[in-house]
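Visitor: Before we go through the details, I would like to see the structure itself, and then ask how each description is justified.
Guide: Here it is, with the sequence alongside.

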Amino acid sequence: MARKMKILMVAPEVTPIVKVGGLADVVGALSKALVESGHDVRIVMPKYSGLQQVDSATPDAQPLIVQMGGHEAYARVWRTELPGSTAKLYLLEHNQFYGATSVYTGPSGNQDDNAQRFAFLSRAAIDLCEYLDWIPDVVHCHDWSTGLTPIYLNTTELNKPMGRAASVMTLHNMEHQGWFHRNLVGYAGLPDSVFRSDGLESMGEANMLKGGIYHSTKITTVSPTYAKEIQTSDGGGGLHHLLSQRCKDLVGVVNGIDETEWDPKVDTLIPEKFTVRKLGGKATCKAALQAAYGLEVNPAVPVFGVVSRLANQKGLDLLASIGDRLMAEMHIQVAVLGTGEPSLEHDFSELANRYPGRFGAQLRFSNELAHLTTAGADFFVMPSRFEPCGLGQLYAMKYGTLPIVRATGGLIDTVEQYSEKRHSGTGFIFDFATPDALYYTMGWACSTYYDRPDDMAKLRKSAMSQSFKWDASASLYEDVYREAVAVRQAAFVAWKAES
Ligand code: GLC
């Protein structure tokens, strides 16, 4: 059997402790899957205020000393396990930085202090390992907020035990990079030499994601198509040159889903469970969904569901802009769940006011309603402008809710286009992020629903029979870790020979 590894996850959010986006789901579910394969997985994250899932955590008596530049800072370490797993979870208490409930805004209410908040997390992750006397084989970082950790490993830690650890950086979303004033370097206690264009510097500022990418042993992103897109000027958020240079070290691994939470067979949050063979419960879910959104309870009308952050990335302005046309031309219902940009929230609530019983909007976050919408709808609308992986479409397919997606990133890699000729596919895909393209694709789905019920049944069955289990993705991550460890060890031998 392959050697078991010691893996440290460094992350700003982890499901089910606290979640802003899909990153949290990935860290939680991947950690669980790796533990099940026998690895020693530990997770470090901030202890934000009001975390209910960690009531069982216990604080250490002595503080963790964190070596920031020119000063020592302290964190209190709280220990527990990731719920539903034996992965060890370390929560860092630091009231000035993490004493608010929000992840990406600290108690000051000012995002400028994210430089300090996440430099602290990046550094504390390293100091924690020494404090625990536990040196990981791999440190797995997630997005910009953990970007300094690989830089420390390559600089301040080189001649210390932690310098042996390999690093892996997973890119969940290139839109957020963590740009800060260059004085971040001194604050973080990094050598000035890291502030250069082949490193942390970008247009005169410090870019945490760039530094992290540059210094990581291996880089992953969350789908093969996104791995290609980020090497182009359109998708790379200014970092495409760096990513192309490192293309040999970059792989795309599609996210899995946590099937203990998202599977109609076992889902406890929906009114009736169902399976691909016994679909009856889906009708119960549809009726409950219609009631929850104030829609006419009618099994014959197709429901198009949305569960999303209402952000530019997700392309839901396209849906809002065709709302009136859809209602005028098609015999359908729409149910939108999400929060985000105020102008979009406004547009959707106006549509709901104009079309009572046909257009429903719930502008809030509710995990229960997310499950009900995913389970009860006939179609799942996801017109993303870009989508590194996307989880919503995976959940939807699992529940036999056919995704309608734009041809981008992980959406292409996971949804198979409907073919009327072959009666095959798992969803509906369109190319251009335009209102018309979405309108005609929803029209296509609508006509399939009414005119080709046999195809609907086939697509639903194919969608539900897909496997999105984490095991397969987790084993690809294990390969990446092993390669990273080998590369790091070879580099280490070379450095020793030089010095
Ligand atoms: C980000 C991406 C999303 C991806 C998730 C988890 O939220 O926008 O596409 O599924 O991270 O990797």
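Visitor: Which residues around the ligand come nearest?
Guide: In this predicted model, H172, N255, E387, C389 and G390 come nearest among the 13 residues around the ligand.

Visitor: What makes the approach of E387 to the ligand a polar contact?
Guide: The limit for such a pair of N or O atoms is 3.5 Å, and an N or O atom in the side chain of E387 is 2.5 Å from an oxygen atom of the ligand, so the pair qualifies as a polar contact. G390 contributes a backbone N or O atom, which lies 2.8 Å from an oxygen atom of the ligand, while a polar backbone atom of P388 is 3.4 Å from an oxygen atom of the ligand; both distances are within 3.5 Å, and therefore these pairs count as well.

Visitor: How much of the ligand's accessible area does the protein cover?
Guide: On its own the ligand has 310 Å² of accessible area, of which the protein covers 93%. The shell around the ligand, sorted by class, has six nonpolar, six polar and one charged residues.

Visitor: Why are β16 and β19 called edge strands?
Guide: Six strands form an open sheet with parallel pairing, in the order β16-β15-β14-β17-β18-β19. Within that sheet, β16 (359–362) and β19 (428–430) each pair on one side only, and this is what makes them the edge strands. From one strand to the next, the twist averages 20°.

Visitor: How do you know that β17 and β18 pair?
Guide: Pairing requires at least two bridges, and strand β17 (residues 379–382) and strand β18 (residues 402–406) have four bridges between them, in the parallel sense, so they count as paired. One of the residues involved is M382, whose bridge partner in β18 is V405.
Two helices can be placed against this sheet. Helix α12 (residues 342–354) packs on the sheet by touching β15 (333–337) and β16, and its direction makes about 140° with that of β16. Helix α17 (residues 453–465) touches β17, β18 and β19, with a direction at about 80° to that of β18.

Visitor: What makes β10 and β11 a pair?
Guide: The threshold is at least two bridges, and β10 and strand β11 (residues 205–207) have two bridges in the antiparallel sense, so the requirement is met. The bridge partner of E201 in β11 is A206. These strands belong to an open sheet of three strands, in the order β9-β11-β10, with antiparallel pairing, and its edge strands are β9 (179–180) and β10 (201–202). Helix α6 (residues 208–215) lies across β9, β10 and β11, and runs at about 55° to β11.

Visitor: What is the omega of the peptide bond that joins T15 and P16?
Guide: Omega is about 5° there, and the bond between T15 and P16 is a cis peptide bond. P16 has its place in the loop between β1 (6–10) and α1 (22–36).

Visitor: What is the phi of D133, and where is this residue placed?
Guide: D133 is not a glycine, yet it has a positive phi of about 55°; its place is in the loop between α3 (114–132) and β7 (138–142).

Notes. Residues numbered from 1 in each chain as written. Predicted model: local features only at pLDDT ≥ 70, side-chain atom pairs only at ≥ 80, totals over all residues. Heavy atoms only, no water. Axes fitted to C-alpha atoms, helices over the stretch in contact; angles between N-to-C directions. Contact = heavy atoms within 4.5 Å. Near = heavy atom within 4 Å. Polar contact = N/O pair within 3.5 Å; in protein donor to acceptor, adjacent residues only side chain to side chain. Areas by Shrake-Rupley, 256 points an atom, 1.4 Å probe, with all protein chains shown as cover. Nonpolar A, V, L, I, M, F, W, Y, C, P; charged D, E, K, R; others polar.
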